[in-house]
Amino acid sequence: MPSFSSELTVQTTAPGPPWTPVVRGPLDAAQADAFAPMFKALGDPVRLRLLSMIASAGGGEVCVCDLTGSFNLTGPTISHHLKVLRQAGLVDSDRRGTWVYYRLVPAALAMVCGLLDVGAPAMTRTPA
């Protein structure tokens, strides 16, 4: 279980039995609880933009100083949105001097993509 700081911890695998794409079967309550923070984090337009900026950054990481200028928001508000992304396990960060650098957690994004894989071969129903 990766730890992002002493107060922020996220699990990058859904608990309980192995999960499968939603088109193959329903999630149990523990699995839904594990995925919900990721979807909640992605449900905000600012956080979705931040995630896309971090994911597409050259070199695999981006300084917070390069993110803030793209928004008409205060520094503390951007920090809050980045904290939510960290808590959801979608990004990780390192402090270097006065700046914080962010990078994508590929395994977490792969889990979200896998959960929503509508092309899963075991899909049993076809649209009416």
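Select aspartate 28 and alanine 30, at the start of helix 1 in this predicted model. A side-chain oxygen of aspartate 28 comes to within 3.1 Å of the backbone nitrogen of alanine 30.

Next, select residues 29-42, which make up helix 1. At 1.5 Å a residue, these 14 residues should span 20 Å, and the end C-alpha atoms are indeed 20 Å apart, so expectation and model agree. Stop at phenylalanine 35, where helix 1 bends by about 30°. Proline 37 follows within four residues.

Now show the side chains of Gln31, Phe35, Met38, Ala41 and Leu42, which are buried in helix 1. What do the buried residues of helix 1 pack against? Display helix 2 (45-55), helix 4 (75-87) and helix 5 (106-115), since these are their partners.

Move on to aspartate 44, which caps the N-terminal end of helix 2. Here a side-chain oxygen of aspartate 44 lies 2.8 Å from the backbone nitrogen of valine 46.

Within helix 2, select Val46, Arg47, Leu50, Leu51 and Ile54, its buried residues. Turn the view to look down the axis of helix 2: the buried residues fall within an arc of 135°, so they line one face of the helix. In an α-helix there are 3.6 residues a turn, so residues three or four places apart point the same way.

Finish with the cysteines at 63 and 65. Is each of them buried or partly exposed? Cysteine 63 has 3% relative accessibility and therefore counts as buried, whereas cysteine 65, at 32%, counts as partly exposed. A search of the whole structure finds zero disulfides.

Terms used: Residues are numbered from 1 along each chain as its sequence is written. This is a predicted model: local features need pLDDT of at least 70, side-chain atom pairs count only at pLDDT 80 or more; totals for chains, interfaces and linings use all residues. Side-chain values use heavy atoms; hydrogens and water are left out. Helices (H or I, at least four residues) and strands (E, at least two) are DSSP runs, numbered from the N terminus. The expected span of a helix is 1.5 Å times one less than its number of residues. The bend at a residue is the angle between axes fitted to the seven residues ending there and the seven starting there. Buried means under 20% relative accessible area, exposed over 50%, partly exposed in between (1.4 Å probe, protein chains only). Contact means heavy atoms within 4.5 Å. A polar contact is a pair of N or O atoms within 3.5 Å; within protein, one must be able to donate a hydrogen and the other to accept it, and residues adjacent in sequence count only if both atoms are side-chain atoms. The arc is that of the directions from the helix axis to the C-beta atoms. A disulfide is a pair of cysteine sulfur atoms within 2.5 Å.
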